[in-house]
Amino acid sequence: MTSGHGYWASGGQRGDLTLKDINSDYQVSISTAPGNTINNGLCFSKQNGEIKLLVSNNDGSIRVFTVPGLELIETINFRSAVNYTSVSPDGKRMITVGDDNRVQLFNISNSGEYEKSKTLAVSRDANFSVAWNHTSEKFAVSSQDGSVHIWDIRNRNPVARFCGLHPSITKGAARTVKFTQTGAIDLLAFTEHVSHVHIVDARTFDGQQTVRIGSATNDVPITGLCFSHDSTKMFVGLENALLNFDIDTGIRRRFGKGTLF
């Protein structure tokens, strides 16, 4: 599920895709593939005034659709399942990750063509999620091995690396990673598969705070994470609840030290 540019979209286990205009009654649903492949991730992008929806699929493809018509305009094929795709806020680059340890970076031309520029690989396992910061200069990738790596687009090697607390490669897998999109806040957050949410200072990457979800004796599966558009709140999804955390934006705007969250 994703939202952006005035639209909301959701995918499904059988290739079903729904798009809704947030400000009207317009809604359209289609099947994205004849084989009913699983839609693993959705991403909106906007370039030259045109909005597109990119759908990452279990059959090793990214399908690009027009918005709001959901007409298929391009299919990009890969050798393994594609778990997540993210387009930079400035619309100039795209990153995709999947069921191997490769991180593939694409340039997007002014005409909307996707050209692979480099392939990176530092984790020991499949990658689940990728996110851009608000300046389109840095991106973060979360992995099955529990690691989160942050790159600057000008460097081939990561500028920072973080890991979760759980020793199990299953329970400690880094499932979701997100940046705040308000410049003065500069936070990054990532989730482990169970119980832990980590908040990182995205200005310097030298400060980290961990929030324990649930009791110390009970593992709580975490289903998702996102920040509000104004970066004042962080939402954490559980199997049966949605948690809402307030962010002390005053301290962050004053570039305060200490508590991040």
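Which residues is Met94 in contact with, leaving aside its neighbours within four places in sequence? The list runs to Leu54, Ile62, Ile76, Thr85, Ser86, Val87, Gln104, Leu105, Phe106, Ile108 and Tyr114, where contact means heavy atoms within 4.5 Å. Met94 itself sits in strand β10, residues 93-98; strands here are DSSP runs of E with at least two residues, helices are runs of H or I with at least four, and both are numbered from the N terminus. Met94 is buried, its relative accessible area being 0%. Buried stands for under 20% relative accessible area, exposed for over 50%, and partly exposed for what falls in between, with a 1.4 Å probe and protein chains only. Thr217 is a long way off: 123 residues from Met94 in sequence and 40 Å in space, C-alpha to C-alpha.

A word on the model. It is a predicted one, so local features need pLDDT of at least 70 and side-chain atom pairs count only at pLDDT 80 or more, while totals for chains, interfaces and linings use all residues. Residues are numbered from 1 along each chain as its sequence is written, and side-chain values use heavy atoms, with hydrogens and water left out.

Now for the chain as a whole. Strands number 23, and there is one helix. The C-alpha atoms fill a box of roughly 50 × 40 × 35 Å along the principal axes. For 261 residues, a compact globule would be expected to have a radius of gyration near 18 Å, and the chain agrees, at 18 Å; the radius is taken over C-alpha atoms, and the globule rule is 2.2 Å times the number of residues to the power 0.38. Buried residues account for 52% of the 261. Of the contacts between residues at least 6 apart in sequence, 41% link residues at least 24 apart. On the outside, the chain exposes about 12200 Å², and carbon and sulfur atoms supply 46% of that; the areas come from the Shrake-Rupley method with a 1.4 Å probe, and for residues only the protein chains shown count as cover. As for charge, there are 26 positive and 25 negative side chains, and the centres of the two sets lie 5 Å apart. Lys and Arg count as positive and Asp and Glu as negative, leaving out His and the chain ends, and each charge is placed at NZ of Lys, CZ of Arg, CG of Asp or CD of Glu.

Next, the inside. The largest nonpolar core has 16 residues, and those with the most contacts inside it are Val197, Ile199, Ile213, Met234 and Val236. Such a core is a set of buried Ala, Val, Leu, Ile, Met, Phe, Trp, Tyr and Cys residues joined through side-chain atoms within 4.5 Å. Two or more residues come from each of β18 (187-192), β19 (196-201), β21 (222-227) and β22 (233-238). A second, separate core has 14 residues, including Ala140, Ala160, Phe179 and Ala202.

Phe179 also turns up among the residues that Phe139 touches. Phe139 belongs to strand β14, residues 138-143, and is buried, with a relative accessible area of 1%. Not counting residues up to four places away in sequence, Phe139 touches Ile95, Val103, Leu120, Val130, Ala131, Trp132, His149, Ile150, Trp151, Ile153 and Phe179. Its C-alpha atom is 8.7 Å from that of Ile95, which is 44 residues away along the chain.

The backbone has a few oddities too. Most residues other than glycine have a negative phi, and most peptide bonds are trans. Ser195, in the loop between β18 and β19, has a positive phi of about 75°. Ser231, in the loop between β21 and β22, also has a positive phi, near 65°. Ser195 is buried at 0% relative accessible area, and Ser231 is likewise buried at 0%. Val67 and Pro68 are joined by a cis peptide bond with omega about 15°, and Pro68 is found in the loop between β7 (61-66) and β8 (72-77).

Pro68 leads on to Tyr26. The C-alpha atoms of Tyr26 and Pro68 are 8.8 Å apart, with their places 42 residues apart in sequence. Tyr26 lies in the loop between β3 (16-21) and β4 and is partly exposed, at 34% relative accessible area. Beyond residues up to four places away, Tyr26 touches Leu19, Lys20, Asp21, Pro68 and Gly69.
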